[in-house]
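Q: Could we go through how the parts of this protein chain fit together?
A: Certainly; the sequence and structure are shown here.

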Amino acid sequence: MERHTIEPRPGWQQTVEAQGLIYPLTRYPDDSLRPYWDESAYYAFTLPEVEALEEVVEELHGMCLAAAAHIVERDRFADLGIDDPRLAALVAESWRRRDELPSLYGRFDLHYDGTGPAKMLEYNADTPTSLVEAASPQWFWMEERFPGADQWNSLHERLVAAWKRQAPLLPPGAPLHFAHSAGDELGEDLMTVAYLEETAQQAGLETVAIPVEDIGWDRLSGRFVDQRLRFIRACFKLYPWEWLAGDDFGPYVLDTLDNGGGTGSTLWIEPAWKMLLSNKALLAVLWELFPGHPNLLPAYLDGPRELARTRGYAAKPLLGREGAGVTLHEPGAAPVPRGADDPCCYQELAPLPDFDGNRVVLGAWVVEDEAAGLGIRESAGPVTDEYARFVPHVIRT
């Protein structure tokens, strides 16, 4: 794994916008605009490195499924902050019917610098973004700048194939709705949902786009409806399950949840069991089930334990995006108390690899149960946040 600098292509911004990346620039607090898509550098990997990372990702995914099974079998929903017995029961039923409600995709965030085993930082399993840039502009950048090279990137083909496999599981005769929040200021969610809708269309599915805020409730029929008053029988939502279940319409979501048995009225994608994998408590359950695993970092729910004096720790809210609420604590620092209403996971501190002042995290994608590609984000600070930059990669030949 090496970082190289390179001259950006003339007109790169217009190029990546035409390829679906609608926010190639990021606005900073000082009101300046700087590249989010950053092709002034790239990372190069050897093929053996990528093959080893693929194996790690698929092993981690399998371990996460084992952890989900453990949570359901041992009724450990409270550890995830799921304290509504009805919601817990529906998530458990969703898990038991997972063959009828398969996962579509997810993204592992990995600590890796090319010199040691990759370490799992977290699993973005419910509403992962940075998909478009990894699947499309990155591939076209490689074809233009390094013709004949290769890339860890089969995202597009695998997503289309996944929709084709899952099509028979969808309610017959109904379009698949694709929902995102209209409050998405950057346009990231809109872009991600539009791209996933495109892959579904290429798989032959009939689709309808809708903002989450425009989903209506028909009191007479007891069904969710779109703007044209059509029943929403299946919906992909880039909207976290904890929001979906917890907002004003949450009771209707639970009342009409189709868990794969055909007994409800709305089939949501991703399915409810993905709540088990998108929660940072998963990190502690994994360490409990697979202690000492070379691709895991020690993690606990009841406090930092020995990490406070040995390696330091990161305190991560159980739910959150873009590094929000994450605090880093060096070894020996006085523990910072967290309230009962602010549960978090305490994970061993693993400072992000530093390449010439750029802190890097690998985003390794999974489609269904298989490793599917890589996206790399860099940041200037120790936490990967909304100001991180996306940097492309190639496999050296």
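**Contacts between the two domains**

A: In this predicted model, 18 residues of domain 1 are in contact with 10 residues of domain 2.

Q: Which stretches of the chain belong to domain 1 and domain 2?
A: The domain assignment gives 2–278 + 354–395 as domain 1 and 298–348 as domain 2.

Q: And how far apart are their C-alpha centres?
A: The C-alpha centres of domain 1 and domain 2 are 25 Å apart.

Q: What area do they bury between them?
A: Domain 1 and domain 2 bury about 1100 Å² between them, and 47% of that area is on carbon and sulfur atoms.

Q: Turning to specific interactions, how many salt bridges does the rule find across the interface?
A: The rule finds one salt bridge across the interface of domain 1 and domain 2. E122 and K316 form a salt bridge through their side chains, with an N to O distance of 3.8 Å.

Q: How many residue pairs are in polar contact?
A: Three residue pairs are in polar contact between domain 1 and domain 2, counting pairs with both residues at pLDDT 80 or more.

Q: Which elements give two or more residues to the side of domain 1 that touches domain 2?
A: Those elements are β6 (119–124) and α7 (188–202).

Q: Which one gives the most?
A: β6 gives the most to that side of domain 1, with three residues.

Q: What is the make-up of that side by class?
A: The side of domain 1 that touches domain 2 has eight charged, five polar and five nonpolar residues.

Methods:
Residues are numbered from 1 along each chain as its sequence is written. This is a predicted model: local features need pLDDT of at least 70, side-chain atom pairs count only at pLDDT 80 or more; totals for chains, interfaces and linings use all residues. Side-chain values use heavy atoms; hydrogens and water are left out. Domain bounds come from an automatic or database domain assignment. Contact means heavy atoms within 4.5 Å. Buried area is the accessible area (1.4 Å probe) that two parts lose on being put together, summed over both. A salt bridge is a side-chain nitrogen of Lys or Arg within 4 Å of a carboxyl oxygen of Asp or Glu. A polar contact is a pair of N or O atoms within 3.5 Å; within protein, one must be able to donate a hydrogen and the other to accept it, and residues adjacent in sequence count only if both atoms are side-chain atoms. Helices (H or I, at least four residues) and strands (E, at least two) are DSSP runs, numbered from the N terminus. Ala, Val, Leu, Ile, Met, Phe, Trp, Tyr, Cys and Pro count as nonpolar, Asp, Glu, Lys and Arg as charged, and the others, Gly among them, as polar.
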